[in-house]
Amino acid sequence: RKSLVMSDREKEKTAYHEGGHAIVALLTPGSDPVDRCSIIPRGQALGVTMSIPDEDKHSYSKKYLHAMLASMMGGRIGEEILNGVDGVTTGAGNDSEKATELIWNMVCRWGMSKLGLITFAETEQNPYLGTSRQLRSCSPTTQEKIDAEIIGIFNERYEYAKELLDRHKDALRETAKALLVQETLTGDEIKAIIVKNPPSR
């Protein structure tokens with residue numbers, strides 16, 4: 001979007017955000033390969049990190065979904081590393097929304113949690129509103145367990161991604177600097193940056 005003018009501070013924040021997504025994806029087993037990472041605005045997004053599967057997928061493993069969740073968390077954590085917890089922005093809101101929906105499906109539809117294979121979700125077709133997702137009638141105790149599972153998976157994936165980026169801060173900083181100059185990096189270029197900047201511990 002050439003019409004969108006971003007301040008230098010906004011560009012830097014976006015570079016750390018997208019760099020966080022890319023580095024977590026590249027370092028997490030099971031992730032799709034990162035094709036490119038860009039801070040050129042597209043639509044409502046100030047930047048984008050694109051991953052392309054090696055092959056078509058018609059079903060998804062728990063390992064793959066966990067890797068996807070970790071990468072989603074990377075943008076917010078990248079902002080935290082730049083600005084601190086109090087300096088994060090609304091830019092990660094869409095990531096959090098998508099992650100929460102994915103975890104809801106894992107817990108309530110796909111049996112990918114400690115609650116087992118029971119399906120708690122029901123799908124309702126509405127000719128005016130489309131498809132809506134909601135829980136079947138369940139006890140307050142079961143609802144509490146579902147909520148605890150969703151929060152637990154979210155927090156575990158967040159902590160995993162945070163530890164990963166904390167150990168690779170140098171690679172994140174160099175990736176962000178390169179993005180500010182080139183605006184777009186390939187996955188291989190970011191891999192090379194990671195290799196040149198080994199983890200801190």
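Buried means under 20% relative accessible area, exposed means over 50%, and partly exposed covers what falls in between. Those cut-offs sort the residues of this predicted model. K13 has a relative accessible area of 7%, so K13 is buried.

## Salt bridges within helices

K13 does not stand alone. Its side chain meets that of E10 in a salt bridge, 3.9 Å from N to O. Both residues belong to helix 1, which spans residues 8–27. They sit three residues apart, about one turn of the helix. E10 has a relative accessible area of 30%, so E10 is partly exposed. This bridge therefore joins a partly exposed acid to a buried lysine.

A search of the whole structure finds nine salt bridges. Among them are the E10 bridge and two others described here, D170 with R173 and D188 with K191.

| Salt bridge | N to O distance | Helix |
|---|---|---|
| E10 and K13 | 3.9 Å | helix 1 (residues 8–27) |
| D170 and R173 | 3.5 Å | helix 5 (residues 169–182) |
| D188 and K191 | 3.9 Å | helix 6 (residues 187–196) |

The spacing recurs. D170 and R173 are three residues apart in helix 5, about one turn. D188 and K191 are three residues apart in helix 6, again about one turn.

How accessible are the partners in helix 5? D170 is partly exposed, at 46% relative accessibility. R173 is partly exposed too, with a relative accessible area of 34%.

In helix 6, is D188 buried or exposed? D188 reaches 55% relative accessibility, and the cut-off for exposed is over 50%, so D188 counts as exposed. Its partner K191 comes to 44%, so K191 counts as partly exposed.

## The sheet

Three strands form an open sheet. Their order is 2-1-5, and the pairing is antiparallel. Which strands stand at the edges? Strand 2 (48–51) and strand 5 (184–186) do. Each has a single partner strand, so one side of each is left without a neighbour in the sheet. On average, neighbouring strands are turned by 10° against each other, direction ignored.

Strand 1 covers residues 34–38. Three bridges join strand 1 to strand 5, and the two run antiparallel. Within this pair, R36 stands opposite T186 of strand 5. Strands of a sheet pair through backbone hydrogen bonds.

## Helices against the sheet

Helix 1 packs on the sheet. It touches strand 1 and strand 2. The direction of helix 1 makes about 165° with that of strand 1. Helix 1 is also the helix that holds E10 and K13.

Helix 6 lies across strand 1 and strand 5. It runs at about 80° to strand 5. Helix 6 carries the D188 and K191 pair.

## A glycine in helix 1

G19 lies in helix 1. Its relative accessible area is 0%, which is under 20%, so G19 is buried.

What does G19 touch, leaving aside its neighbours within four places in sequence? The contacts are C37, L172, T175 and L179. C37 falls within strand 1, residues 34–38. L172, T175 and L179 fall within helix 5, residues 169–182. G19 of helix 1 therefore meets both a strand of the sheet and helix 5.

G19 and T184 are 165 residues apart along the chain. Their C-alpha atoms are separated by 11 Å. T184 belongs to strand 5 (184–186), an edge strand of the sheet.

Key: Residues numbered from 1 in each chain as written. Predicted model: local features only at pLDDT ≥ 70, side-chain atom pairs only at ≥ 80, totals over all residues. Heavy atoms only, no water. Salt bridge = Lys/Arg side-chain N within 4 Å of Asp/Glu carboxyl O. Helix = DSSP H or I, 4+ residues; strand = E, 2+ residues; numbered from the N terminus. Buried < 20%, exposed > 50% of the residue type's maximum accessible area, 1.4 Å probe, protein only. Pairing = 2+ DSSP bridges. Axes fitted to C-alpha atoms, helices over the stretch in contact; angles between N-to-C directions. Contact = heavy atoms within 4.5 Å.
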